[in-house]
Amino acid sequence: MGLPRFKRPGGTSESSSNLYVANCGPAVGLTFDTIEAVFGAYGPVKGVYLADESGTRVIVSYHEEKSAESALKTLNRRACPELGGRSLHIQYSVHSVCQTRNVNTNQYLGELPLFLSPILEKMSLFQKLGYAETVLLDQLTVNEYPPGVGLSPHIDTHSAFEDLIFSLSLAGPCIMEFRKYSTGVWLTSPDTLSDEEAQNSDKSSKFLRRAIYLPPRSILLLSGEARYAWHHYIPHHKVDVVNDTRIRRASRRVSFTLRKIRKGPCECEFPEYCDSQK
């Protein structure tokens, strides 16, 4: 339900300088450096990015279309010895229009499962923190993150969900970053934020940054400015640093994100980030 930085076109005839590469990524033991070295044989690579949150599909972005064309013709559906003998499935890719999290209300599956009842009871305690409204949630997203796999910067779409967004972390821990961009503009391409900036975000002047450690069985609540104006993000690496202590992501992480579907347009106080007010 999320829109990545790139998307696959409807057919493979639309050429591009970007390639969508399946059966390839950190979840199958291939680092970005290794992938870039292999694809760099066909021309200078602008960057390698996760195509989605599975860790098994990446985008290889070239400076020139002819480099992407050469790589696709040579590597598509062929075993690549330099990548562990994996058979790659490659298509051209194009930029997506924005990085948000949306929902398709036509795919309603029914009431929330009963096993969530104890979790929803715990979430009702947030009312004691100053949230007077009753916590009524009707949408659940479950994501699994293999060790080292993170989440690209995004804001959950304003028009899709109400103010309160809860995220329950299970199994492994992680660091979640929050970023507010100085330009007030949503990300539209990988050129706006490189993977190097993601790993060295303290040094970037493009955004304000805050980070929070999410231990197992913790619940995060996003509301107000944090929900509407700050991108949230999980870095793509296997070791987090918390108070000068290195914590390895030795196990997978599972997140339950609970929201309430919005019935009308969003009228928040952050129009520069709001799809309802643009």
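This briefing describes selected strand pairings and the surroundings of one arginine. The model is predicted. Strands β4 and β10 are each largely enclosed by the rest of the structure, because 5 of the 6 residues of β4 are buried and 6 of the 6 residues of β10 are buried. A further group of 4 strands, in the order β9-β18-β11-β14, forms an open sheet. R262, in the segment after β18, is also buried.

**Strand β4 and its partners**

- Strand β4 spans residues 57-62, and 5 of these 6 residues are buried, so the strand is largely enclosed by the rest of the structure.
- Strand β2, made of residues 18-22, runs antiparallel to β4 and is joined to it by 5 bridges.
- Within the sequence ranges of these two strands, A22 stands opposite R57 of β4.
- Strand β3, covering residues 45-50, also pairs with β4 in the antiparallel sense, over 5 bridges.
- G47 has S61 in β4 as its bridge partner.

**Strand β10 and its partner**

- Strand β10 comprises residues 151-156; 6 of the 6 are buried, and the strand is therefore largely enclosed by the rest of the structure.
- An antiparallel pairing over 2 bridges links β10 to strand β15, which consists of residues 231-234.
- L151 is matched in β15 by its bridge partner, I234.

**The open sheet**

- The sheet has 4 strands in the order β9-β18-β11-β14, with antiparallel pairing.
- Its edge strands are β9 (139-145) and β14 (218-222), each of which pairs on one side only.
- From one strand to the next, the twist averages 20°.
- Strand β11, residues 165-171, runs antiparallel to β18 and is joined to it by 6 bridges.
- S167 stands opposite T257, which belongs to β18.

**The surroundings of R262**

- R262 lies in the segment that follows β18 (253-259).
- The relative accessibility of R262 is 13%, so the residue counts as buried, the cut-off being under 20%.
- A polar contact at 3.4 Å connects the side chain of R262 with the side chain of E162.
- When neighbours within four places in sequence are left aside, R262 is in contact with H158, S159, A160, F161, E162, D163 and Y228.
- E162 thus appears both in the list of residues in contact with R262 and as the side-chain partner in the polar contact of R262.

Notes
Residues are numbered from 1 along each chain as its sequence is written. This is a predicted model: local features need pLDDT of at least 70, side-chain atom pairs count only at pLDDT 80 or more; totals for chains, interfaces and linings use all residues. Side-chain values use heavy atoms; hydrogens and water are left out. Buried means under 20% relative accessible area, exposed over 50%, partly exposed in between (1.4 Å probe, protein chains only). Two strands pair if DSSP finds at least two bridges between them. A polar contact is a pair of N or O atoms within 3.5 Å; within protein, one must be able to donate a hydrogen and the other to accept it, and residues adjacent in sequence count only if both atoms are side-chain atoms. Contact means heavy atoms within 4.5 Å. Axes are lines fitted to C-alpha atoms, for helices over the stretch in contact, and angles run from 0 to 180 degrees between N-to-C directions.
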